[in-house]
Amino acid sequence: MAASLRAGERLRRASADPELRRLDSELLAELEAALAAGPVLPFALVRRLHQALRDAGSQVYLHELLEGSEVFLPEVKKPPRNPELVARLETLKAKLANEEYNRMTRNVNSQELNRYGTLADLGKQVRSTKAVVITVFNFLVTVVATFACTYLGSQYVFTEMAARVLSAVIVTSVVGLAELYLMVRTLEGELGEL
């Protein structure tokens, strides 16, 4: 905390003020001595001056005297740092940086140099894709074959074209739903193994 202030122009000329001449001569002498020694005044002297002005009922107020003055803040001297403490702090900083690096690179595998994975992963993905494509192709062939067989087979039962198409669509829908159910169960089992 600041314990002194730099006196402004008004405070330097205060000793010539007739209003202040009525104050205690000892206080005025101390003020003049402090101003003669330098522009820095201690706060204790300013407080006593303020109290004396209040006691005397003076028309000069303290804020008028302090106009242009500045709070004097002495330069803070930092104590030298302990070399053992500095060395320990550097060690801790290095350790924390190393832990953070290890945390960031924890899931990075040096075997996987490219972003798509290793060749073993590529083979597994190809096999999985191949199985899905074959299953979808099998579904489409089954549905088309069911429609064709039902359409051609229903010509012996129905003579009209609309009835033949309707029966083929109904049978194809039933077979397609059954095939779809089996396909989903199969794919779910294969994808669960990956």
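Start by selecting Val-165 in this predicted model, where the residue counts as partly exposed because its relative accessible area is 31%, a value that lies between the 20% and 50% cut-offs for buried and exposed. Val-165 is found in helix 7, and once its neighbours within four places in sequence are left aside, its contacts are with Phe-147 and Tyr-151. Add Phe-147 to the selection and draw the C-alpha to C-alpha distance from Val-165, which comes to 8.6 Å for two residues that are 18 apart in sequence.

Next, extend the selection to Met-161 and Val-169, which together with Phe-147 and Val-165 form a nonpolar patch on the surface, the four having about 310 Å² of accessible area together. Colouring helix 7, residues 161-193, shows where most of this patch comes from, since that helix gives the most to it, with 3 residues. Pause on Val-169, which is also found in helix 7 and which counts as partly exposed because its relative accessibility is 40%.

Now move to helix 2 by selecting residues 25-37, and display the C-alpha atoms at its two ends. The 13 residues of this helix should span 18 Å at 1.5 Å a residue, and the end C-alpha atoms are indeed 18 Å apart, so the expected and modelled spans agree. Within helix 2, show the side chains of Leu-27, Leu-28, Leu-31, Ala-34 and Leu-35, which are its buried residues. Turn the view to look down the axis of the helix: these buried residues fall within an arc of 125 degrees, so they line one face of helix 2. As background to this view, an α-helix has 3.6 residues a turn, so residues three or four places apart point the same way.

What lies over that face, and what is on the other side? The cover over the buried residues of helix 2 includes helix 1 (9-12), strand 2 (40-42) and helix 3 (43-56), whereas the face turned away from the buried side carries the exposed residues Ser-25, Glu-26, Ala-36 and Ala-37.

Finally, clear the selections and show the whole protein as a cartoon, in which 7 helices and 3 strands can be traced, following the pattern β-α-α-β-α-α-β-α-α-α along the sequence. Of its 194 residues, 21% count as buried, and among contacts with a separation of 6 or more, 63% are between residues 24 or more positions apart. Switching to a surface display brings up an accessible surface of about 15200 Å², of which 61% belongs to carbon and sulfur atoms.

Note on methods:
Residues are numbered from 1 along each chain as its sequence is written. This is a predicted model: local features need pLDDT of at least 70, side-chain atom pairs count only at pLDDT 80 or more; totals for chains, interfaces and linings use all residues. Side-chain values use heavy atoms; hydrogens and water are left out. Helices (H or I, at least four residues) and strands (E, at least two) are DSSP runs, numbered from the N terminus. The expected span of a helix is 1.5 Å times one less than its number of residues. Buried means under 20% relative accessible area, exposed over 50%, partly exposed in between (1.4 Å probe, protein chains only). The arc is that of the directions from the helix axis to the C-beta atoms. Contact means heavy atoms within 4.5 Å. Patches are made of residues with over 30% relative accessible area and no salt bridge: like charges are joined within 9 Å, nonpolar side chains (Val, Leu, Ile, Met, Phe, Trp, Tyr) within 5 Å. Accessible areas come from the Shrake-Rupley method with a 1.4 Å probe; for residues, only the protein chains shown count as cover. A salt bridge is a side-chain nitrogen of Lys or Arg within 4 Å of a carboxyl oxygen of Asp or Glu.
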